[in-house]
Amino acid sequence: MEFESERLERSQLESLSTAELVRHAIEETRLLARAEILHAKKELKEEVAAAKTAGIFLGASGVLGLVGLSALLVAAGLALPVAQWLGVLLVGIFLVLVAGGLALMGSKRLPTKPLAHTQERLKTDLVRTKETLQ
């Protein structure tokens with residue numbers, strides 16, 4: 001969605017009455033707020049998608065870690081009487097390594113600073129507003 005604002009030149013602004021200036025300022029503020037909300041929504045959707053992917057990887061990591069631990073415990077139990085333990089042990093080690101890889105991938109995809117772009121734009125808008133009002 002695009003917002004169109006009437007950009008007034010300095011000479012036009014100087015010719016406006018106080019009521020018209022206030023009305024114009026309120027309209028500009030309203031447009032700025034709408035734009036910031038739209039940007040924040042977009043950024044939030046992107047971060048939720050990234051967190052969802054990270055959650056899937058971390059969930060799969062947890063399940064495979066438990067399965068791997070179970071396999072290692074079965075291997076330890078089978079290790080006593082016969083040599084069948086070696087196959088179960090290798091499967092358990094493989095599952096634990098896969099779980100570690102998934103955990104690493106999931107943790108790297110977690111957002112570190114939420115709404116970073118929106119925060120930066122709001123800071124810039126605040127600085128510009130302060131400069132304009134001085």
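# Four helices and their charged contacts

Arginine 121 is partly exposed, with a relative accessible area of 25%. This residue belongs to a predicted model, in which the protein chain has 134 residues. The secondary structure of that chain amounts to four helices and zero strands. Arginine 121 comes up twice below, once in a salt bridge with glutamate 36 and once as the nearest side chain of opposite charge to glutamate 43.

**Overall layout**

- Followed along the sequence, the protein chain has the pattern α-α-α-α.
- Helix 1 covers residues 10-15, helix 2 covers residues 18-79, and helix 4 covers residues 116-133.
- Buried residues account for 13% of the 134 residues in the protein chain.
- About 10,300 Å² of the protein chain is exposed, and 66% of this area comes from carbon and sulfur atoms.
- Of the contacts in the protein chain between residues at least 6 apart in sequence, 74% connect residues at least 24 apart.

**Confidence of the prediction**

- The average pLDDT of the protein chain is 81, and 90% of the residues score at least 70.
- Confidence is highest in helix 2, at a mean of 86, and lowest in helix 1, at a mean of 76.
- Over residues 1-5 the pLDDT stays under 50. For these residues the model has eight contacts beyond four places in sequence.

**Salt bridges**

- How many salt bridges does a search of the whole structure find? The search finds three.
- One of them joins glutamate 36 and arginine 121, whose closest N and O atoms are 3.4 Å apart. Glutamate 36 is in helix 2 and arginine 121 is in helix 4, so this pair ties together parts that lie 85 residues apart in sequence.
- Glutamate 36 is buried, because its relative accessible area of 9% falls under the 20% cut-off.
- Glutamate 27 makes a salt bridge with arginine 30, and here the closest N and O atoms are 2.9 Å apart. These two residues are three places apart in helix 2, so about one helical turn separates them.
- Glutamate 27 is partly exposed at 33% relative accessibility. Its partner, arginine 30, is partly exposed at 39%.
- Lysine 42 pairs with glutamate 46 in a salt bridge, with 3.9 Å between the closest N and O atoms. The distance still counts, because the cut-off for a salt bridge is within 4 Å.
- Lysine 42 and glutamate 46 are four residues apart in helix 2, so they too are separated by about one helical turn.
- Lysine 42 is exposed, with a relative accessible area of 55%, whereas glutamate 46 is partly exposed, at 45%.

**A buried charge without a salt bridge**

- Glutamate 43 is in helix 2. This residue is buried but has no salt bridge.
- Which side chain of opposite charge is nearest to glutamate 43? It is arginine 121, 4.3 Å away. Because a salt bridge requires a distance within 4 Å, the 4.3 Å between glutamate 43 and arginine 121 does not qualify.
- Leaving aside residues up to four places away in sequence, glutamate 43 touches Leu115, Ala116, His117, Thr118 and Arg121.

**Nonpolar residues at the surface**

- Leu66, Leu69 and Leu73 make up a nonpolar patch on the surface. Together they have about 320 Å² of accessible area.
- Leucine 66 is part of helix 2. At a relative accessible area of 58%, leucine 66 counts as exposed because the cut-off is over 50%.
- Valine 63 is also placed in helix 2. This valine is exposed, with 53% relative accessibility.

**Residues apart in sequence**

- How far apart in space are valine 63 and leucine 95? Their C-alpha atoms are 9.9 Å apart, while the two residues are 32 residues apart in sequence.
- Leucine 32 lies in helix 2 and is partly exposed, at 36% relative accessibility.
- Leucine 32 and leucine 122 are 90 residues apart in sequence, with 9.8 Å from C-alpha to C-alpha.

Definitions and conventions. Residues numbered from 1 in each chain as written. Predicted model: local features only at pLDDT ≥ 70, side-chain atom pairs only at ≥ 80, totals over all residues. Heavy atoms only, no water. Patch = residues over 30% accessible without salt bridge, like charges linked within 9 Å, V, L, I, M, F, W, Y side chains within 5 Å. Areas by Shrake-Rupley, 256 points an atom, 1.4 Å probe, with all protein chains shown as cover. Buried < 20%, exposed > 50% of the residue type's maximum accessible area, 1.4 Å probe, protein only. Lys, Arg positive; Asp, Glu negative; His and termini not counted. Contact = heavy atoms within 4.5 Å. pLDDT = per-residue confidence, 0-100.
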